[in-house]
Amino acid sequence: MSAPDADAGTASPLTLTDYATLARTGMSPAVWDFLEGGAGQERTLADNLRAFDRVRLNPRVLTGAGRPDTGITLLGRRWAAPIAVAPVAYHTLAHPTGEVATARAAGQAGVPLVVSTFAGRTFEDIAAAAAPLWLQVYCFRDRDVTRQLVERAERAGFEALVLTADAPQLGRRPRDLRNDFTLPVGIEPANLTTDGFAAPAAHALAQFDPSLDWSIVAWLRSISSLPVLVKGILTADDAMRAIAAGAHGIVVSNHGGRQLDGAPATLDVLPEITAAVAGACPVLLDGGVRRGADVLAALALGADAVLLGRPVLHGLAVAEEEGVRHVLGIVTDELREAMTLTGIRTVADAGPELVRTPNSTPTPQAVRPVGRTSGPGLRKAELHGSLGDPVLDTMNFLNEITHRYPDAISFAPGRPYDGFFETEQIFTYLRRYLDHLEESGSSPDQVRSALFQYGPTSGQIRELIADWLRLDENIDVSPDSIVVTVGCQEAMLLAVRALIAGPQDVLLVSSPCYVGITGAARLLDAELTAVAEDPGGFRCADLAAAIRAERARGRNPRAFYVIPDHANPSGTTMPLETRRELLDLAAREDILLLEDSPYRLVSPGTQLPTLKALDRDRRVVHLGSFSKTLFPGARVGFVIADQDVHDDAGGTGLLADELTKIKSMVTVNTSPVAQAVVAGMLLAADKRASELNSKTAAYYGDAMRVTLRQLEETFPEDERAALGIRWNEPSGGFFLAVDVAFRADNTALRRSAEEFGVIWTPMSYFYPEGGGEHGLRLSVSYLTHDEIAAGIARLARFIRSRTSSSPEG
């Protein structure tokens, strides 16, 4: 049977039960029994299903939760939903494409696939099909066999190891014994060469190491840099032992091997395990998940994510890759629906108050005393959901890596070069501004007040900024349309807060994009939709399509955020023709453009006009900063918001006035001392920041050229294809993007820093809806030319070590 029309998206006319029925019809009874019988007792598997059937979710109304966000982050990786594909052997029994089709579907769904040691396709073929991949590890008597498997998986780009700890032997499988089952000819593990696989249970008895103890975790960590999770945990004691042994996570599971007859259902033991772990590591649950409501129940009882096994094989058997994608889509859609009906916006909000079991009475959340929790401290689920978003962890992780490896050369910081700053300059520029105030007729009391008092919320140097914009950027706006902010980040926050007024309003962003706008949207519960850039850069047609799609969903696209010049992170620059086309599109579709362009004046050569300079319809809200151009530590930014705002009484003001109201409740005002120093710098250059930045722009231009030359010389053209490496060539700014053949994630970054002494930024940080897994961002601004040369040499050694086809692989 063919799968439903792909144009239907994740929606499918089939249910999971339908997929199971169709899969069973298309298989021989012996193969069906093998795949369905489980590696443990049939009674245990049935108990897992009944445990979920006993749980009821408590509906809640009028919560104002808005559209649910199913995304999570585990082990540094963003998942689209808290679901991974469980390790199930021999996908090729369900369909000849096997794990390759499963990996493609999982990758499209944005969730990981845990690949069985007994996979029917090679690790390399599966990795080439995409999807974040983990390896399920059985430990053989011959440790070299296990070592070779782990090393192959790591070279292929796998991201974690899942040790099946409850399988010293495969369980007694009654169905297989009744059927006298052996694997069909041609169905065998693709990654093992040992004989004897026709009868899996007998092979396991002969080959698996029955004497494993907790030292196996340390051994796995000694042979691999990948995080290790332990699967098969059913008690709080074993969970704590796993953590003490060095495990990075645990999987609550009761069917990895031969279990005691009547072993507890995984859901029943989950609360005591998660209470014992207390957030020390991720906890996943495997066994019995068949519905989106099951996923939410597991999350509410403390799991971070679940594994989904047999339904995935059913989808694979019925409709190959498309069937797997539909199965994952069904469960995710059901999860989203359950979140809506229980009134939670993010999976981090799921807590025990959501579930009701036959022996439990839920705690009424509305009457829980403020500041009180069920245990000591605060529950993260009671804090804002943005605190679980990976975008808020990215800078912390980079800082941690930088401090842990101080001798590493870092291409991560996007900050100006220290060599341009002298301490005494601060006092010189401060004095210059005070002289300006006196020359303008300010009294000594007024001069003192300009430094020591709060000052106007909208800023006290708006006139000087307006003069600079007119002289350097050909932007002619009234000082009244400018708000001086605490860095550009506050300007983003104010603009998003003002423009995204309700749950149906949407902020569109060019993807990849600067993490600051993603974080601001997340903090404000603003809906954000990514508009993927073409490999050649941004295309207006893609934005127009995204706007139409959002309106078709009943949503209201309000604004589009973009960095037109030397963008962070990609380094791309928008052509002049595209800028004009974008302004026309904004007028036609009645949206605003949030233009963020901090790298123009620190780039060599003549720059293209800003969107704001071309704006004749006041469609552009321009976000600016002096951090890159004049004085990073001052944290002075600004926003130009000259759009008219009409009230119901017939009055008209400026959007800048509305932003000032919001600022008065956030930072009250921007530091007058910081404003004074920046103003003094502008005055010293006759209000032309370009004069102050001529030397810095030349320096950064040279740094970019040195970096590109080092890449070209280090990676000869004939080697690039073999390594799968390529990079773009920005004309200015701080950043360039490098594509590699392996997954450039946090695990790879940690290894790069520890073993090779070079730090970079994963491009995946900059994709709000997933992507960029094979890219890294290099910042050239903070390093000397010698450091750049040494850093590229180290980076080359790291890249070659991760690419099996390279001479050093």
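The colouring to start from is pLDDT, the predictor's confidence in each residue on a scale from 0 to 100. The protein chain has a mean pLDDT of 85, and 85% of its residues reach 70 or more. Select residues 196–202, where the pLDDT is below 50 and where the model nevertheless has 13 contacts beyond near neighbours in sequence, a contact being heavy atoms within 4.5 Å. Then select residues 805–809, again with pLDDT below 50, for which the model has 12 contacts beyond near neighbours in sequence.

This is a predicted model, in which local features need pLDDT of at least 70 and side-chain atom pairs count only at pLDDT 80 or more, while totals for chains, interfaces and linings use all residues. Residues are numbered from 1 along each chain as its sequence is written, and side-chain values use heavy atoms, with hydrogens and water left out.

**Strand β9 and its neighbours**

Select strand β9, residues 249–252; helices (H or I, at least four residues) and strands (E, at least two) are DSSP runs numbered from the N terminus. Both faces of β9 are covered, with Gly 249 and Val 251 buried on one side and Ile 250 and Val 252 buried on the other. Buried here means under 20% relative accessible area, exposed means over 50%, and partly exposed lies in between (1.4 Å probe, protein chains only).

Add strand β8, residues 228–233, which pairs with β9 in the parallel sense over four bridges; strands count as paired if DSSP finds at least two bridges between them. Val 230 is the residue that stands opposite Ile 250 in β9. With helix α10 (residues 236–244) also shown, β8, α10 and β9 make a right-handed β-α-β unit, right-handed meaning that, with the strands pointing away from the viewer, the path from the first strand over the helix to the second runs clockwise. Next bring in strand β10, residues 283–286, which runs parallel to β9 and is joined to it by three bridges; Val 251 has Leu 284 of β10 as its bridge partner.

**Aromatic rings**

Now display the rings of Phe, Tyr and Trp (its six-membered ring), which pair if their centres lie within 6.5 Å, planes under 30 degrees apart counting as stacked, over 60 as edge-to-face and the rest as tilted. By this rule there are 20 aromatic pairs. One of them is the tilted pair of Phe 118 and Tyr 138, at 5.4 Å centre to centre and with 55° between the planes. Phe 118 lies in the loop between β5 (113–115) and α5 (123–128), and Tyr 138 in the loop between β6 (133–137) and α6 (143–156), so that the pair links parts of the chain 20 residues apart. Phe 118 counts as buried at 7% relative accessibility, as does Tyr 138 at 9%.

The rings of Tyr 700 and Phe 734 have centres 4.7 Å apart and planes at 55°, so this pair is tilted. Because Tyr 700 lies in helix α26 (residues 694–714) and Phe 734 in the loop between β23 (726–727) and β24 (735–739), the pair ties together parts 34 residues apart in sequence. Tyr 700 and Phe 734 are both buried. Extend the selection to Tyr 417, Phe 420, Tyr 599, Tyr 699 and Phe 735, which together with Tyr 700 and Phe 734 form one aromatic cluster.

**Charges over rings**

A charge sits over a ring if NZ of Lys or CZ of Arg is within 6 Å of the ring centre and within 35 degrees of the ring normal. Select Arg 143, whose charged end sits over the ring of Trp 219, 4.7 Å from its centre, and then Arg 415, which lies over the face of Tyr 782 at 4.2 Å from the ring centre.

**Backbone details**

Most residues other than glycine have a negative phi, and most peptide bonds are trans. At Ser 511 and Pro 512, however, the joining peptide bond is cis, with omega about 10°, and Pro 512 is found in the loop between β15 (505–511) and α19 (515–523). The bond from Asn 568 to Pro 569 is also cis, with omega near 20°.

Asp 525, in the loop between α19 and β16 (527–532), has a positive phi near 55° and is partly exposed at 37% relative accessibility.

**Last stop: Leu 682**

Finish at Leu 682 in helix α24 (residues 672–684), which counts as buried at 0% relative accessibility. Leu 464 is 218 residues away from Leu 682 in sequence but 7.6 Å away in space, C-alpha to C-alpha. Not counting residues up to four places away in sequence, Leu 682 touches Leu 464, Trp 468, Phe 626, Leu 630, Lys 687, Arg 688 and Ala 689.
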